[in-house]
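Thanks for coming. I will keep this to one helix and what packs around it.

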Amino acid sequence: MDLLYVYSNKRVEDQVETKAFLESISNNSNYNIYQYNTLEEYDYYNIVKTFWNRKKPFFILEQDIVPTLDILDEMRLCKEPFCAARYYIYPKSTALKEKVYAHRIITEYKNETDFKAKWVTDEDYADLYGLGLVKLTPFGNFFETPNSYRNLDFRISHHTYTHGFKAHLHGEVKHNHMW
């Protein structure tokens, strides 16, 4: 399965363990690794759109996520079309007092900008999910309006949510971005 590793030349220290993991699976025939340096605001959107338009399942692995081969294999073999690994995001990026998993469950929905959601704790599925490590199974057309890397996770997970899909949540992976 294709594995798209997206990274930036910024925050190189966050990427050391992720790159070591990729090196450790580089000869694993189950994964075709594509590394993509996101230099500009819309590069992440553009490369995900390219992979989406291939119409076959693929992984996204972000630069500061450190998976295990067991979790990656589990997600690859999972029958669910959308999967996400659990990882924490931290108070500096959420304005909350405690770290939380990067995924949410919608509790009330009117439209894209008018909804309520709660952070995932021990649930098996999420409506909105971070892209740290995900398996995506493309369907339909990828949204045409370019999106910044800052909100791409919301745009993709909202797209899947409004078409009746949830992300199946798998084990916890390390997140090296602590802010």
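Where is the place of T18? T18 sits in helix α1; helices here are DSSP runs of H or I with at least four residues, strands are E runs of at least two, and both are numbered from the N terminus.

A word on the source. This is a predicted model, where local features need pLDDT of at least 70 and side-chain atom pairs count only at pLDDT 80 or more, while totals for chains, interfaces and linings use all residues. Residues are numbered from 1 along each chain as its sequence is written, and side-chain values use heavy atoms, with hydrogens and water left out.

Is T18 buried or exposed? T18 counts as buried because its relative accessibility is 0%. Buried means under 20% relative accessible area, exposed over 50%, and partly exposed in between, with a 1.4 Å probe and protein chains only.

T18 has company in α1, residues 16-24: F21 and L22 are buried as well. They cover an arc of only 100° around the axis, so they are on the same side of α1; the arc is taken from the directions from the helix axis to the C-beta atoms. V16, E23 and S24, on the other side, are exposed.

What covers the buried residues of α1? The cover includes β1 (2-7), β2 (32-37), β3 (58-62), β4 (65-66) and α3 (69-77).

Back to T18. Leaving out residues up to four places away in sequence, T18 touches Y5, L61, E62, Q63, D64, I65 and V66, where contact means heavy atoms within 4.5 Å. The T18 side chain reaches the backbone oxygen of Q63 at 2.9 Å, and a polar atom of that side chain lies 2.8 Å from the backbone oxygen of I65.

How values were computed: A polar contact is a pair of N or O atoms within 3.5 Å; within protein, one must be able to donate a hydrogen and the other to accept it, and residues adjacent in sequence count only if both atoms are side-chain atoms.
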